[in-house]
Amino acid sequence: MTNSLNFTFSDLIAGYITHVAYPDQFDAQGAIGLRTSDGREYEVKITYACYAELVRNLAEPFNVAPDMKDILVEGRFIHAYGIFYPEASGLKFEAKHLVLFGRTKDHLRFEEQDWWIRQIQQLLNFYLEAQFGVQEGEAIDFRNFRTDISAEGEKLDGQQNLDTISRLIYGFATAYMITGDERALEAAVKGTEYMQRHFRSRNSSEGICYWYSQINIRPDGTTRKYIGSQAGGEEGGNAMPCYEQIYALAGPTQTFRLTGNRDVLKDIQDTISFLNRYYKDPTPKGGYYSHIDPVTLSPHADALGINKERKNWNSVGDHAPTYLINLWLATEKQEYADFLEYCFDLICKYFPDYGYSPFMNEKFYDNWSHDLNWGIHQARCVVGHNLKVAWNLTRMQSLRPKDSYKNFAYRIAEIIPAAGCDNQRGGWYDMMERTLKQGEEFYRLVWHDRKAWWQQEQGILAYYIMAGVYNDNPEYLRYAREGSAFYNAWFLDYEAGGVYFNVLANGQPYALGSERDKGSHSMAGYHSFELCFLSAIYTNLLINKEPMDFFFSPEPGAWEDNILRVAPDILPPGSIRLTEVWINGHVHTNFDSEALTVTLPTDLKEMKVRCRITPSGIAFDSDLLSYENGVATLALEGNLDSSSLKYLREEVEKLHNLTDLVLDGTNLQSISTEGLNYLIFTKQAYGELFSITMRNLQPSVKQALVESELIEEFTVV
């Protein structure tokens, strides 16, 4: 007997409008065709109960969309949530809720220059308040940090987990780097110092250190430390997992990028020494073991059970995104580039398994034979790990290019959408069976069809960076944008703040058990902050060619040769350049534009460094110097012509209640007719009392004003 689909159900369709009609039909204010990501067609009835909204960022109000006739446009990508009716005449779908992703067909809000920057600011606000109560005036004190916090930000117990505290510190340091919010810097520095005082075990004579897995703070204020992990039960508990020692470096390394603190660097170096001494396989087989015994520090101990002499994705691959790429960015040391190459070469050699499955293998025995029976994992895959490999191989391709890196990334990017992506609704699935069994057409989902926030991150970053670096397959940018649309439409918690751990396949929040929470052994301020940081970098610097500002707070004398390295990520050589630097609010000119380095002054006790990084080929930039009492002062640089006008327009449109505009032309080389027309129209649009002052003009710009006969429209100083 076969099952029949003979009941109504609500669901989501993500797709592109193929046609629009307005039929004379009961309860129909419109009808559209929708084509899904994989090319399937649906007819959608837009009922009169249907409402439409524009996707919104955290802390933004509900954005009601315009009239249906204004938004139903062929080619537009939308999400339509509604009800399926299986009837004799066919399967019908009636929409009740539409989500739009831009104000026009081609506009995407989540690719606006400051979308991800504003999102990370709100994530920062949420975790600062949840952990430390900063809005009530409380100090940032990491003794008050707790791993487990509820969906609303309430603390649930007394646990402090190593990997969770470090990953939250990573989030704080990352937030500072693109917002300049001093609270984020304070939290990153204090958090790193707390880890060093309470979680670190250092052996200076041997040049190693490792980190305790957990600290429990009892109700009476006393503490208990655990060296063996308490996570994973029989499948991981009471061992020292390699991934915990790896993630211990996430926060300190990102903080080190900001400050250059040498004591932090020593801990990073000594932890790498510990990893190499006790986790690394010294035989020709190579790689890193997944667990060691907490007493003997051996990966060969019988007490490890199913973790004895095992290797996996986390122990080999997680070094790169967690700390090693960031450590190389901060230092450009050859040894860290070699370490990255070692790990990626192992991944390319052992992880592909395309004769067996469209998903890579990620669990191994000591000799790299496949472990298809380990615990809950068995012969299954984590979709996000496949995407994570593609993302990080593409980063590595810009440092030490190899055909093996590019080919494996391409293979993942081309095969996985049909197997691990939800092409009906958008987003990426969680754990899946790696093979089809007899009679099956869909790869089976192991526990559920929910979608985890962190796996969406891997998909978004993988396809954005591949689109930006290779620029040879428009499908990559499409997958990136479809994934970003799903994440921004359904994962943001507008009521309580933060992002949801899981959503159902249709995007609705899953709010049961530990997956309801915003803090757990699995979730802290890491993946959501990292997504904001790198999405901003990839969309601005690689895809849309928009400049970005980055912030650092170097300790005097900390950096070797007083050189601060400010590259935001490993990007293709020559794709970006450092165009402007300010130290303590003053212009600083001692920097190398191509090398992305700043030579720091030696006579300052405190330094706040702001760096503007610009995609190569951009000929214009504008910077907001001040905005007080309705008067905005902008510094213009380069050539203001029709192609660069959007950058000035975007800067002006961000300003609310603007009454006067002052334009500093010290570095403005030329202005076109379109640029002049824009300034005149802006003056006209803002009303009779609005004025534009232009100061420090180059002769060529002043001559352009004279020849246009518009010079009397401005106050020229």
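How many bridges join strand β27 to strand β28, and do the two run parallel or antiparallel? Keep that in mind; the tour gets there in its last stops.

**Before you click**

What you have open is a predicted model, where local features need pLDDT of at least 70, side-chain atom pairs count only at pLDDT 80 or more, and totals for chains, interfaces and linings use all residues. Residues are numbered from 1 along each chain as its sequence is written, and side-chain values use heavy atoms, with hydrogens and water left out.

**Stop 1: the whole thing**

Show everything as a cartoon. You'll find 18 helices and 30 strands; helices (H or I, at least four residues) and strands (E, at least two) are DSSP runs, numbered from the N terminus. Along its principal axes the C-alpha trace spans about 85 × 80 × 55 Å. The radius of gyration is 27 Å, which agrees with the value near 27 Å that a compact globule of 717 residues would have. That radius is taken over C-alpha atoms, and the globule rule is 2.2 Å times the number of residues to the power 0.38.

Of the 717 residues, 60% count as buried. Here buried means under 20% relative accessible area, exposed means over 50%, and partly exposed is in between (1.4 Å probe, protein chains only). Contacts (heavy atoms within 4.5 Å) tell you about the chain too: among those between residues at least 6 apart in sequence, 66% join residues at least 24 apart.

**Stop 2: the N-terminal strands**

Select D27, in the loop between β1 (9-21) and β2 (30-35). Its phi is near 55°, a positive value in a residue other than glycine. D27 counts as partly exposed because its relative accessibility is 23%.

Move on to β2 and β3 (41-54), which form a hairpin with 5 residues between them. In the turn, look for G39, with a positive phi of about 90°. The two strands run antiparallel, joined by 6 bridges; two strands pair if DSSP finds at least two bridges between them. For one opposite pair, pick I32 and V44 in β3.

On its way to α1 (68-71), the chain leaves β3 through a loop that holds A59. A59 also has a positive phi, near 70°, and is exposed, with a relative accessible area of 59%. Now add β5 (residues 90-100): 7 bridges join β3 to this strand, and the two run parallel. L54 stands opposite L100 in β5.

**Stop 3: a kinked helix**

Select residues 319-331, helix α9, and centre on I325 to see a kink of about 30°. The bend at a residue is the angle between axes fitted to the seven residues ending there and the seven starting there. Since 13 of the 13 residues of α9 are buried, this helix is largely enclosed by the rest of the structure. Just after α9 comes E332, whose phi is positive, near 55°.

**Stop 4: the cores**

A nonpolar core is a set of buried Ala, Val, Leu, Ile, Met, Phe, Trp, Tyr and Cys residues joined through side-chain atoms within 4.5 Å. Which residues touch the most other members of the largest one? Select F172, F351 and Y538, out of 180 residues. Helix α13 (residues 453-470) gives this core its largest share, 12 residues. Apart from this core lies another, of 28 residues, including Y678, F690, L705 and L710.

Zoom in on Y538. Leaving aside neighbours within four places in sequence, its contacts include W391, R395, L461 and D569.

**Stop 5: a four-strand sheet**

Next, colour the open sheet with the order β19-β25-β21-β22 and antiparallel pairing. β21 (residues 576-583) and β25 (residues 609-615) are joined by 7 bridges; find I583 and its bridge partner in β25, V609.

**Stop 6: back to the opening question**

Finish with the 5 strands of another open sheet, ordered β26-β27-β28-β29-β30 with mixed pairing. Its edge strands, β26 (620-628) and β30 (715-716), each pair on one side only. As for the opening question, 9 bridges join β27 (residues 631-640) to β28 (residues 660-671), and they run parallel. Pick T633 and you'll see V662 of β28 opposite. Helix α18 (residues 699-708) packs on this sheet, touching β28, β29 (691-695) and β30. The direction of α18 makes about 115° with that of β28; axes are lines fitted to C-alpha atoms, for helices over the stretch in contact, and angles run from 0 to 180 degrees between N-to-C directions.
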